[in-house]
Amino acid sequence: MDKYYKKRLVPLVLPAAILFVMVILLPFAVGVIYSFSGWRGTYFVGGEHFWDAFVGFKNYINVFKSQKFINAFTYTIAFTLVAAVSINIVSLLMALLSTALHKGAGLYRTIYFLPNLLGGLALGYIWQFIFEIVFSEIVFNENGLISIPFFCNMLQNKWKAMFALAILVTWQMAGYMMLIYTTGLNNIPKDLSEAAAIDGAGVWQRFKNITIPMLMSSFTIVFFLTLSRCFMLLDQNVALTDGNFSTRLLATQILRTTKDTNPPDYGLAQAQAVIFFILIAVVSLTQVAVTKKREVEL
Amino acid sequence: MRSMKGYHKLLEIVIHIILIILAVTILSPLVFLMFNSFKSNNEIVASPIALPEVWSFRYIINAVDKINFFGALGVTFVVTFCSIVLLIVVSSFAAWAMVRSKSVISNIMFMCCTAAMLIPFQSLMYPLLDIFEKMGLKNIYGLILMYGGFGLSMSVFLYHGFIKSVPASLEEAALIDGANLFQMFFKVEFPLLKGTTVTVIVLNGMWIWNDYLLPFLVIGNKEGFKTLTLELYFAKLTSGQYGNPWELIFPAVFITIIPIILLYIILQKYIVAGVTDGAIKM
């Protein structure tokens, strides 16, 4: 039987292989090569082919000299940390509370998940208005409901805008992550907790010593999803501040590099893109390795 | 024992109250979006959280016209639908062949697919566009192929995981009964993959429908081929030169999300199940 399939493997896999090579492998390889050249998008500096325009590590050196890139880099890391922490806290709380209920959890889940279905750009526009008008002029104003200056004009300050973006992303993604935590919580056998309770363990002790370790595989998934999604965030960033006030995330920075330079320096943008890939690969692989190690097998 | 029961009841009520407050917080931006879709610019800025004085449909009608709503809806639907069909056919075939043939090549291919999930779109978008432009595919067909390529890794991964658990003996029986390769796949294997297919449809559909960057790079501002998200982006961009035209943006956002919300209300069970399954199998 194995032989039967082996003979037919190639034609079955061929369409997928063609798509993969055409859309992922070839562009990726070309991208790495072009990042070492004076690529301008439609032509190469100094010749017809990329080897005529080979510049060695010049693009990479320029990337690390670029204030904009360094800024986007630190901003992305800070944002990812803040957003990942807040998404995880909110979604875990939602999951813990709703699984404690006897009925009605499904309805809450349905509502909480809703923002996830909507586009980042569309949501970004609504939240831009909320931050600029509702927060700044009605709710958190001096004459408003409660005066909290921090929540006023959040989009006009680099670090406040980071928190604004984190609020938006938490609002959008928490419902998704909650689904994963809920499934994880429902998979923990009830008798573990009951046995511990009989032995006299309190709520916090049971949470710390039973729920958290048993939930490790959910943490792996949720951390992976939140970290990679926040790290690669683009639409919400474009819609909310469009990168103004030094609020560019890395994805936006790569997209806008070709607009910053004249003639458009695609070689420079591509070098940033390669660094971006390496960062994501390192961050996700380390995270998965670290959390996987702590997973408990029953 | 009785006081224990009362305590549990009270606790449940407190939890309900917290969850309801959360639900209201989550829904309020959307409710607020709906209200403001019926107001003029002045009214929106002057009283953003109030109900509209008059429920006037003129702003929505204006937005439908400005963002070419029905045309864009059609384009978005065609792109999403074709990409997903392409993805399902190509990736289920490939995953099936990879699982059943158990050869070194198929293992290598599967590893390539998994590794590719770490590649962010930004790190290959410029060369991708360059290559597709040279092939004459910087258009809607190219866009569908690109989605097919980008969704491939995850879809193959999901199908691969499931097919591993399906015994090959069913197919062998069909083969002995004289079925050919395609009958074996579509009549025997594919119906078993229903759950995974729902996950593939939901996860890719959510992403492709709302995607902004890829259509922006491939189609740009080309008349008649813009997706909903693109129409929205350009509407905001062009009218944003004269302050923020909220009386256009709010109804425009509102009408672009209505189809998704309707779909969610109808298919909610499948969507939630699909997303959860997908995340857990990762």
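**Notebook: chains A and B of a predicted model**

I began with Tyr7(B), which I found in helix H1 of chain B, the helix that covers residues 2-36. I keep in mind throughout that this is a predicted model. Is Tyr7(B) buried or exposed? I counted 10 other C-beta atoms within 10 Å of Tyr7(B), and since 12 or fewer is the cut-off for exposed, I entered Tyr7(B) as exposed. I then looked up how far Tyr7(B) lies from Cys112(B), and noted that their C-alpha atoms are separated by 55 Å, with the two positions 105 residues apart along the chain.

Next I checked the confidence scores. For chain B the average pLDDT is 89, and 97% of the residues score at least 70. For the model I wrote down an ipTM of 0.90 and a pTM of 0.91.

I turned to the contact of the two chains. How many residues does each chain bring to the contact? I recorded 71 residues from chain A and 69 residues from chain B. On the side of chain A that touches chain B, the elements that give two or more residues are helices, among them H1 (2-34), H3 (67-99), H6 (158-186) and H12 (266-293) of chain A. The largest share of that side comes from H1(A), with 20 residues. Sorted by type, the residues on the side of chain A that touches chain B come out as 57 nonpolar, 9 polar and 5 charged.

Last, I went through the backbone for unusual geometry. As a reminder to myself, most residues other than glycine have a negative phi, and most peptide bonds are trans.

Where does Asn153(A) lie? I placed Asn153(A) in the loop between H5 and H6 of chain A, and its phi is near 45°, which is a positive value in a residue other than glycine. Asn153(A) is partly exposed, with 17 other C-beta atoms within 10 Å.

In chain B I noted Asn68(B), which is not a glycine either but has a positive phi of about 50°. Asn68(B) sits in the loop between helix H3 (58-66) and helix H4 (69-101) of chain B. With 17 other C-beta atoms within 10 Å, Asn68(B) is entered as partly exposed.

Which residues does a cis peptide bond join? I found the cis bond between Asn262(A) and Pro263(A), where omega is about 0°, and I located Pro263(A) in the loop between H11 and H12 of chain A.

Terms used
Residues numbered from 1 in each chain as written. Chains lettered and ligands numbered in written order. Predicted model: local features only at pLDDT ≥ 70, side-chain atom pairs only at ≥ 80, totals over all residues. Contact = placed C-beta atoms within 7 Å. Helix = DSSP H or I, 4+ residues; strand = E, 2+ residues; numbered from the N terminus. Nonpolar A, V, L, I, M, F, W, Y, C, P; charged D, E, K, R; others polar. Buried ≥ 20, exposed ≤ 12 C-beta atoms within 10 Å, placed from the backbone. pLDDT = per-residue confidence, 0-100.
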